[in-house]
Amino acid sequence: MPQLLCLRALSMAEQMNWEDLRIFLEVSRAEKLSVAARRLSIDASTVSRRLHQLETCLSAQLFERTSNGHILTPDGRLLVARASKMEQDATLAFEQIALQNTSEQGTVRIGATEAFGNHFIAPNLTGLQNTHPKIEVELLQFTRDVKISRNEADIAIMVERPKSTSMIVTKLTDYQLQIYGSRKHQHHYQHLALSQLPSQPWVSYVDNLLFTEQLSYLDEVAENIKPVFRSTSIISQYSAIKSGLGIGILPCFLAEQDAELIKLVANKVNITRSLWLVTHPELKRLERVAIVWEFLKMLAKEKQHLLLPQTK
């Protein structure tokens, strides 16, 4: 029996090729064929055909095909773990060979939340570009935790400290959140008291779609708040608050830079969260990743006035 199993495993390995695994990994990350196809620069029908080819080879279903996209089955999750390690090992081997004499050049992919990516990292990359012009940055914005183990990014900035002990994790910074409203409605908010907060029109997250409890703020403000508008996107919330649809909680590094927003009950409500830098130990050994890692730490230190502004 063991000999038969070995022969079957050898036969499957001969039938599979790395391209099928690469396509499988991209679909597992994107969760949609169309998105994976666009990233791979091939058509969706080819992606679908190669997935079926891989599943036939393995005699296993790797994805549940749903209306919301391709969701990994238990067999799919097992293959992701093994194939991601293969991909990472191969990538690092190529990197180490190719960068022996050009260690400060290449691409570094940063995964971050959309607010921190759009309004903190992107506007402040000039310093990195000036000092290390051969490093290219790719900024990926997620509404969930970035999966370093699946090679989604070289460096992740997370709102919750990951539990994995195999990653390098360091605290990047604390940041403050406050209640904001539209400046054009400031006459309405001029004498707003804490007791009046529940009766205001609120803008907030969709509670049952939060990927982490770190984004649950309303209970820290008052009970019985019923938002008139909810979104999974903090940028959508920001736009709604700015338009005057309601009041809401925003990171200070985002709202303090917009003159059309005003801070409400600033001395009475203070919410603080943390951001964590995460990478894989092997990636951290790459010079360009280490450079960007240190740049992000320096940037957070220099911009504390935006992250943790003094309450007025």
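Is Lys-263 buried, exposed or partly exposed? Lys-263 is partly exposed, at 23% relative accessible area, on a scale where buried means under 20%, exposed over 50% and partly exposed in between (1.4 Å probe, protein chains only). Everything here comes from a predicted model, where local features need pLDDT of at least 70, side-chain atom pairs count only at pLDDT 80 or more, and totals for chains, interfaces and linings use all residues. Residues are numbered from 1 along each chain as its sequence is written, and side-chain values use heavy atoms, with hydrogens and water left out.

**View 1. Lys-263 and Glu-256 form a salt bridge.** The closest N and O atoms of this pair are 3.3 Å apart; to count, a side-chain nitrogen of Lys or Arg has to be within 4 Å of a carboxyl oxygen of Asp or Glu. Glu-256 is partly exposed, at 33% relative accessibility. The count by this rule comes to 13 salt bridges.

**View 2. Lys-242 pairs with Asp-258 in another salt bridge.** Here the closest N and O atoms are 3.0 Å apart. The pair links distant parts of the chain, 16 residues apart: Lys-242 is in helix α9 (residues 234–243), and Asp-258 is in the loop between α10 (252–255) and β10 (261–264). Helices (H or I, at least four residues) and strands (E, at least two) are DSSP runs, numbered from the N terminus. Asp-258 is buried, at 10% relative accessible area, while Lys-242 counts as partly exposed at 24%.

**View 3. Helix α12 carries a salt bridge between Lys-297 and Glu-294.** Both sit in α12 (residues 287–302), three residues apart, which is about one turn of the helix. Their closest N and O atoms are 3.8 Å apart. Lys-297 is partly exposed at 33% relative accessibility, and so is Glu-294, at 41%. Elsewhere, salt bridges that share partners tie Glu-26, Arg-29 and Arg-39 into one network.

**View 4. Tyr-205 and Tyr-217 make one of six aromatic pairs.** Rings of Phe, Tyr and Trp (its six-membered ring) pair if their centres lie within 6.5 Å; planes under 30 degrees apart are stacked, over 60 edge-to-face, and the rest tilted. These two have centres 6.3 Å apart and planes at 55°, so the pair is tilted. Both lie in the loop between β7 (202–204) and β8 (229–230), twelve residues apart. Tyr-205 is buried at 9% relative accessibility, and Tyr-217 is buried at 7%. As for clusters, Phe-116, Phe-120, Tyr-175 and Phe-253 form one.

**View 5. Tyr-205 and Tyr-217 also help line the second largest cavity.** Val-203, Ser-204, Leu-218, Gln-237 and Ile-249 are in the lining too. By class, the lining has five nonpolar, two polar and no charged residues.

**View 6. Helix α4 spans residues 44–58.** At 1.5 Å a residue, its 15 residues should span 21 Å (the expected span is 1.5 Å times one less than the number of residues). The end C-alpha atoms are 21 Å apart, which agrees. Among the buried residues of α4 are Val-47, Leu-51, Leu-54 and Leu-58. Just after α4 comes Ser-59, with a positive phi near 55°.

Conventions:
1 Å grid on protein atoms, 1.4 Å probe; cavity = no way out; pocket = protein on both sides within 12 Å on 5 of 7 lines; lining within 4 Å. Nonpolar A, V, L, I, M, F, W, Y, C, P; charged D, E, K, R; others polar.
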